[in-house]
Amino acid sequence: MSEMKVPAVIDEKTFVPLQNSSDKDNTSTGSVAFLPALSPKEDRVLTTKVDFRVLPILGLLYLICFLDRTNIANAKLAGLVTGLKMPSNGYNTALWIFYIPFVLFEVPSNIIMAMSWNRLNLWLGTLTFVLGILAMCQGLTHTYHGLLGVRFLMGICETALPAGAGLLIASYYRKKELGLRFAMFFAFGDLGACFSGLLAYAIQGMDGTAGYAGWRWIFIIEGLVTIFFSIFVFIFVPNFPANDTWLNETDKTNLVARLEADRGLEKKELHNVSWAKTVFDYRIWLMTLLFFCADMSAGSISSFNPTILSQLGWTSRRAQVMTIPVWIIGVIGSLIAGLGSGRWNKRWPFIQGATCLSMVGWIIHYCQVQPASVRYFAQFLIAFGTFITMPLYIGLLTANLRGRASKSFGTAVQLGIGNCANFVSSNVFITTQAPRYPVGFGTGLGITAFGIPLMFLVMFLFSRHNKKIDEKIAALAPGEELDDQVDYKYVY
C-alpha cells in the first residue's frame with residue numbers, strides 16, 4: 001500500500017500533499033506540506049516558465065546533435081567519398097559505426113545522468129564540447145579509417161545527449177504535456193537537419209579555401225558551432241526539478257506538487273530498485289520496438305535524403321537545399337500531432353494515421369512512381385508520418401513509467417537500441433542498386449508497416465491492464481488505497 005495518496009485531479013479547492021522539496025533526493029522520508037492548488041491561470045504561467053527554461057536549451061542541444069549526426073550526408077554530396085578514397089561500402093560503414101556506442105553506452109550514461117550527485121549542466125556541457133572537437137576532426141582526417149575512428153568516438157559522446165535530455169524533459173512535465181513537449185524537442189532536431197542542408201549549401205562555396213575541400217569545411221565549421229554552443233549548455237541546462245535553483249521556492253514547490261499529483265510520490269534514488277523488473281518491463285521493449293520502426297524512416301531520410309534527391313536530377317548544391325522543405329513538413333506534423341494528442345489525451349489515432357502516411361511514401365519509392373516530382377512528394381509523406389510518431393512514442397513510454405530508475409533505463413533503451421534502426425538504414429541502400437534501391441525501399445516499407453500491428457498490441461495490453469486496475473479499485477475495502485507507483489492506469 002502507498003504511504004500517501006495524492007489526488008489524481010486537482011481543482012482550486014483541493015489541497016495537495018507535498019513532500020518537502022528541500023529534501024535533496026525528494027524521497028518519502030521528507031516532511032509533508034499542504035499547499036493550495038494552482039488556479040488554471042497560475043498553472044499556465046508556471047508551465048510557460050518551465051517551457052522557456054527547459055525546452056530551448058535542450059532542444060538546441062538536440063539540434064546540435066542532429067547537425068553533427070547528419071552533416072555526413074551533406075559532406076558526401078560535396079565529395080567526401082572521393083576525397084578519402086572510400087571503398088564502395090565505406091559511406092555505409094561510416095554511418096553505422098556511429099551507432100555502435102548507442103547500444104553499448106546509452107544505459108550506463110543515463111544511469112549516471114540520474115544519480116543525485118551529478119551536475120547535469122557539467123555532464124552534458126562537457127560531452128557537447130568534446131563532441132564539437134570530434135565533429136571538427138572529421139574534416140581534418142586524411143584517411144578513411146581515421147574518419148571511422150572519429151565517428152565511433154562521436155557516438156560515445158552523443159549517446160548521452162538525446163537520452164539525457166529526454167529524461168530531463170520527462171521529469172518536468174505531466175503525462176498529458178509530454179507529447180507536445182517531445183514534439184517540440186524533436187522539432188529542434190529536424191530544424192538542425194534543415195540548417196545542415198542550408199549551411200552545407202553555403203559552405204560548399206568555400207571549396208579550396210585554405211587548401212581544404214568543401215566537404216572538409218562542412219565538418220570544421222559545424223564542429224566549431226558545437227563547441228561554441230557547449231558554453232550555453234554549461235550555463236543554462238537545469239537540474240532535476242526538486243534540486244534546481246532557477247525557480248523561486250514557491251514555483252518549485254508548486255511544480256513538484258503538481259508532478260506528484262500527476263504521478264504520485266515517485267522514487268528518485270537508484271538504490272533498492274528492482275532492476276530485474278525494470279530491465280524486463282514489457283512496456284519499455286514494446287515502445288523501443290515501435291521507435292525502431294519509426295527510426296528506420298528517420299535514419300533513411302537523414303542519411304540518404306540528399307543522395308536520393310540528387311538522383312532525381314538535381315545538382316548536388318540544389319539537392320542540399322531541396323532537403324529543407326522535407327524536414328520543415330516533419331516539424332509541422334510533429335507539432336500538430338503533439339498539440340492534438342495532449343488536448344484529447346489520446347495518442348494512438350495520430351500514431352496509426354501517421355504510420356499509414358509513411359507507408360504510402362515508401363510504396364511510391366518502391367514502385368518507382370514517375371515523374372520524379374512524385375518521388376519527391378513521397379519524401380514529404382515519409383517525413384510527415386515519421387516525425388509525428390517518434391515524439392509520441394517517447395512521450396507514451398515516459399508517461400507510463402514511474403520512478404527515476406525506470407525512466408532513466410527506459411529512455412536510454414528506447415533512444416539507444418531504438419536508434420539501431422540506423423544500422424539497417426545504413427546498409428540497405430546499396431550503392432550498386434541506385435537509383436531504384438529495391439532492398440532499401442522494400443525494407444523501409446516492411447519495417448514501417450510492422451509498427452501498425454505492434455501498436456494495436458500495445459493498445460490491447462494497456463487496455464487489459466486498465467481493466468484489471470478497475471477491478472482492483474472495485475474490490476477495495478473502505479479506507480484502502482492502491483499503491484500509486486504500481487497499480488495505476490496506463491495512457492495511450
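# A buried salt bridge and the chain around it

R174 and D43 are both buried, and in this predicted model they are a good place to begin. The two side chains form a salt bridge in which the closest N and O atoms are 2.9 Å apart. Because R174 lies in the loop between α7 and α8 (175-203) while D43 belongs to helix α1 (residues 40-77), the pair ties together parts that are 131 residues apart in sequence. This contact does not stand alone, for D43, R174, E177 and R258 are linked in a network of salt bridges.

From here the view can widen to the whole chain. The protein chain is built from 19 helices and two strands. Its radius of gyration is 23 Å, close to the 23 Å that the globule rule gives for 492 residues, and therefore the chain is as compact as a globular protein of that length. Measured out along its principal axes, the C-alpha trace spans about 75 × 45 × 40 Å, and of the 492 residues in the protein chain 60% are buried.

Helix α7, which comes just before the loop that holds R174, deserves a closer look. How far apart are the end C-alpha atoms of α7? They are 17 Å apart, which agrees with the 16 Å that the twelve residues of this helix (residues 161-172) should span at 1.5 Å a residue. Since twelve of the twelve residues of α7 are buried, the helix is largely enclosed by the rest of the structure. Among these buried residues are L161, P162, L167, L168, I169 and Y172, and they also include S171.

The structure holds 13 salt bridges, and two further ones can be set beside the pair described at the start. K407 forms a salt bridge with E266, with the closest N and O atoms 3.2 Å apart. This pair links distant parts of the chain, as K407 sits in helix α17 (residues 404-416) and E266 in the loop between α10 (249-263) and α11 (275-279), 141 residues apart. K407 and E266 are both buried. In another salt bridge the side chains of D470 and K489 meet at 2.6 Å, N to O. Here D470 lies in helix α19 (residues 438-474) and K489 in the segment after α19, 19 residues apart, and this pair too links distant parts of the chain. Are the two residues of this bridge buried or partly exposed? D470 is partly exposed, because its relative accessible area is 36%, and K489, at 40% relative accessibility, also counts as partly exposed.

The cysteines call for a separate word. A disulfide is a covalent bond between the sulfur atoms of two cysteines. The count of disulfides in this model comes to zero. The sulfur of C157 has its closest cysteine sulfur in C65, and because these atoms are 9.9 Å apart they are too far for a bond. C157 itself is buried, with a relative accessible area of 7%. For C367 the closest cysteine sulfur is that of C356, which at 16 Å is likewise too far for a bond.

The last stop is on the surface, where V103, L104, F105, W285 and I417 make a nonpolar patch of about 410 Å². Helix α4 (residues 100-114) gives the most to this patch, with three residues. I417 is placed in the loop between α17 and α18 (421-428), and because its relative accessibility is 32%, I417 counts as partly exposed.

Definitions and conventions. Residues numbered from 1 in each chain as written. Predicted model: local features only at pLDDT ≥ 70, side-chain atom pairs only at ≥ 80, totals over all residues. Heavy atoms only, no water. Helix = DSSP H or I, 4+ residues; strand = E, 2+ residues; numbered from the N terminus. Expected span 1.5 Å × (residues − 1). Buried < 20%, exposed > 50% of the residue type's maximum accessible area, 1.4 Å probe, protein only. Salt bridge = Lys/Arg side-chain N within 4 Å of Asp/Glu carboxyl O. Disulfide = S-S within 2.5 Å. Patch = residues over 30% accessible without salt bridge, like charges linked within 9 Å, V, L, I, M, F, W, Y side chains within 5 Å. Areas by Shrake-Rupley, 256 points an atom, 1.4 Å probe, with all protein chains shown as cover. Rg over C-alpha atoms; globule rule 2.2 N^0.38 Å.
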